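Here's a walk through the hollows, the domains and one sheet of this structure. Keep the 3D view open while you read.

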Amino acid sequence: MRARTLGRHVKEGGRNIVRNGWMTFASVSAVTVMLLVVGTFMLLIMNVNHFADTLEGDVEVRVFVERQAEAADQEQLETEITRVPGVDDVAFVPREEGLDNFIASLGDEGEYFETLREENPLNDVFVVQAEEPERTDQVAGQIDSLTHVEDVEYGSNIFNQLFAATDLVRIVGLVLITGLLFTAVFLIANTIKLTIVARKKEIQIMKFVGATNSFIRWPFFIEGLLLGILGCILPIGLLVYGYGRFYDIIGQNTGLEFFEFLPPQVVLFQTAILLLTVGAVVGVWGSLMSVRKFLRV
Amino acid sequence: MIELNDVWKTYPNGVMAMNGMSIYIQSGEFVYVVGPSGAGKSTFIKMIYREERPTRGEILVGGENLAHMKERHVPYLRRNIGVVFQDFKLLPSMNVFENIAFAMEVVEASKPEIRRRVMDVLDIVRLKNKARFQPHELSGGEQQRVSIARAIVNNPDVLICDEPTGNLDPETSWEIMHLLEEINDRGTTIIMATHNREIVNNMRKRVIAIENGRISRDEVRGRYGYES
Ligand SMILES: Nc1ncnc2c1ncn2[C@@H]1O[C@H](COP(=O)(O)OP(=O)(O)O)[C@@H](O)[C@H]1O
Ligand SMILES: [Mg+2]
């Protein structure tokens, strides 16, 4: 297509946007709401995944062995733990090493506990890694029921809750976004239909003076595209500003030492690109629907 | 130039508007198409610019068979055929210049080319002084001249007119006819469906009479021949 032709289509598309006033406003608002939700969920999901990734390396089950267990019992237990489905790795930490680690972790103040070496109060421990973090709960439960196990300890069932929560977030997000997406497409299609009806005479004249079909259709695609892109502006602006503020205030002070929210410069660019793409696709999709239905050229 | 070979047309509702028409029109001819209302004149006109397809038969325009023409070639056919209607079909939101320029814009002509050519055709239809007028500020005859200017602006070989004087008083009709004759003198083939007995009988040209979708008469310097 020649540059001046493209220029003409953009001008025509823009003129239609202005002329459709309220319908333009309604479509752009629908795209805006939809993209705000898409963007918010995108940021949420990216951070939850990041949180899961952070935790993943840290998930282990600590198995405390009964103090009266004999060395043979311990060996027997280790074999049994290894056989529990979902167990990836088992490491033995004798109670002496446990105490060393404990004292070392206290630094200077550890001296006061040196006397404990006579009467070590700790248990021998197996440190077990599950193959998949979300199965930690299950693995821990099975180990707990083995003989000579006094207790098991693991990062509680935070993982299960987290995974249940992200699933819910995903489902709710998907349903909500699908609904909003169709609303936006529907409104855009109706706006374009309005243009097609208003330009009926013009289209008829274009046809008998020999305009090609694609030439006739282009301004409508541009109009849809512009509606979609106009709908991106507010959500991108709000999310960039909002997430930036959020990150400044609590991004690095989550109360969890090991976790920080993803920094804005990492996520906002991706989010903006996503919103722009979704906005453009929804716009063109809406105009495609109307053009196919109402523009018989 | 334009050739119909045993052309039949049945509309989807069952109306048989053309029943085996064969015509040959040479390049540069001026042809009246006459006949009672509902005879099939407009259907014949629409066939030539491929607004309607024949149910059977062959329509050749400039050597191409429209019956088998691919949809995407139709726009290029139409660039070589100007069409003028009884109701002018001007865009009320555009002035005279823009209405004519529109036909060139949509076939992607350049701005300077458009300016030059629109001024030329405004000269031909003698409306140069009204280039900035809106259609509603013009008389019926002037509006029809604008629509003729639009039809010839892309230099078509053929100009087809479906009752171009149908909405005009006799005097204005004669102005339009003199304009069409002038355009014909420059080499453009003209096919004109009409009900205007006075014009057909006084500006003698080839007359093709249609009745019930058939050619009932074809005379080189014919007369209107109906008592309506
Ligand atoms: N699009 C159409 N669908 C169905 N019937 C049509 C259509 N156009 C014309 N006809 C019918 O075909 C016949 C010829 O019509 P037309 O070509 O318009 O005649 P004319 O222009 O000579 O008055 C008429 O009976 C008319 O009702
Ligand atoms: Mg007619």
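## The second largest cavity

In this predicted model, the second largest cavity comes in at about 70 Å³. Its lining is made up of Arg8(A), Glu12(A), Asn16(A), Arg199(A), Glu202(A), Ile203(A), Met206(A), Ile216(A), Pro219(A) and Phe220(A). Three helices of chain A, α1 (3-19), α7 (200-208) and α8 (213-251), each put in at least two residues. Sort that lining by class and you get 5 nonpolar, 1 polar and 4 charged residues.

## The largest cavity

How many cavities of 30 Å³ or more does the structure hold? There are 3 of them, and the largest has a volume of about 80 Å³. Both chains show up in the lining of this largest cavity: Phe208(A) and Val209(A) are there, along with Arg78(B), Arg79(B), Ile81(B), Gly82(B), Val83(B), Arg150(B), Ala151(B), Asn154(B) and Pro156(B).

On the chain B side, β6 (81-85) and α5 (140-152) each bring at least two residues to the lining of the largest cavity. The top contributor is β6(B), with 3 residues. By class, the lining of the largest cavity splits into 6 nonpolar, 2 polar and 3 charged residues.

## Two pockets

Now for the open spaces. The largest pocket has a volume of about 620 Å³, and of its 25 lining residues, Arg8(A), Lys11(A), Arg15(A), Glu105(B) and Lys111(B) sit closest to its centre. Arg8(A) also turns up in the lining of the second largest cavity. Helix α1 of chain A and helices α3 (96-105) and α4 (111-124) of chain B each give at least two residues to the largest pocket, with the largest share, 8 residues, coming from α1(A). The class count for this lining is 14 charged, 7 nonpolar and 4 polar residues.

The second largest pocket offers about 460 Å³ of space. It is lined by 21 residues, and those closest to its centre are Lys207(A), Phe208(A), Tyr49(B), Glu51(B) and Arg78(B). Phe208(A) and Arg78(B) are also among the residues lining the largest cavity. Which elements give two or more residues to the lining of the second largest pocket? They are α7 of chain A, plus α1 (41-48) and α2 (74-78) of chain B. Here the classes come out as 10 charged, 8 nonpolar and 3 polar residues.

## Domains of chain A

The domain assignment cuts chain A into domain 1 (3-55 + 159-294) and domain 2 (60-153). Taken over C-alpha atoms, the centres of domain 1 and domain 2 of chain A are 53 Å apart.

## The sheet and its helices

Chain A also has an open, antiparallel sheet of 4 strands, ordered β2-β3-β1-β4. At its edges stand β2 (87-93) and β4 (149-154), and each has a single partner strand, so one side of each lacks a neighbour in the sheet. On average, neighbouring strands are turned by 20° against each other, direction ignored.

Looking at one edge, β2(A) is joined by 6 bridges to the antiparallel strand β3 (125-130) of chain A, and Val90(A) sits opposite Val128(A) in β3(A). Helix α3 (71-83) of chain A lies across β1 (61-65), β2, β3 and β4 of that chain, running at about 160° to β2(A). Helix α5 (136-144) of chain A packs on the sheet too, touching β1, β2, β3 and β4 of chain A, with its direction at about 170° to that of β4(A).

Methods. Residues are numbered from 1 along each chain as its sequence is written. Chains are lettered from A and ligands numbered from 1 in the order in which they are written. This is a predicted model: local features need pLDDT of at least 70, side-chain atom pairs count only at pLDDT 80 or more; totals for chains, interfaces and linings use all residues. Side-chain values use heavy atoms; hydrogens and water are left out. Two strands pair if DSSP finds at least two bridges between them. Axes are lines fitted to C-alpha atoms, for helices over the stretch in contact, and angles run from 0 to 180 degrees between N-to-C directions. Contact means heavy atoms within 4.5 Å. On a 1 Å grid over the protein atoms alone, a cavity is a set of points where a 1.4 Å probe fits but cannot get out, and a pocket is an open set with protein on both sides within 12 Å along at least five of seven lines; lining residues have an atom within 4 Å of a point. Grid points are joined across faces, edges and corners, and a volume is the space filled by probe spheres set on the points. Ala, Val, Leu, Ile, Met, Phe, Trp, Tyr, Cys and Pro count as nonpolar, Asp, Glu, Lys and Arg as charged, and the others, Gly among them, as polar. Domain bounds come from an automatic or database domain assignment.
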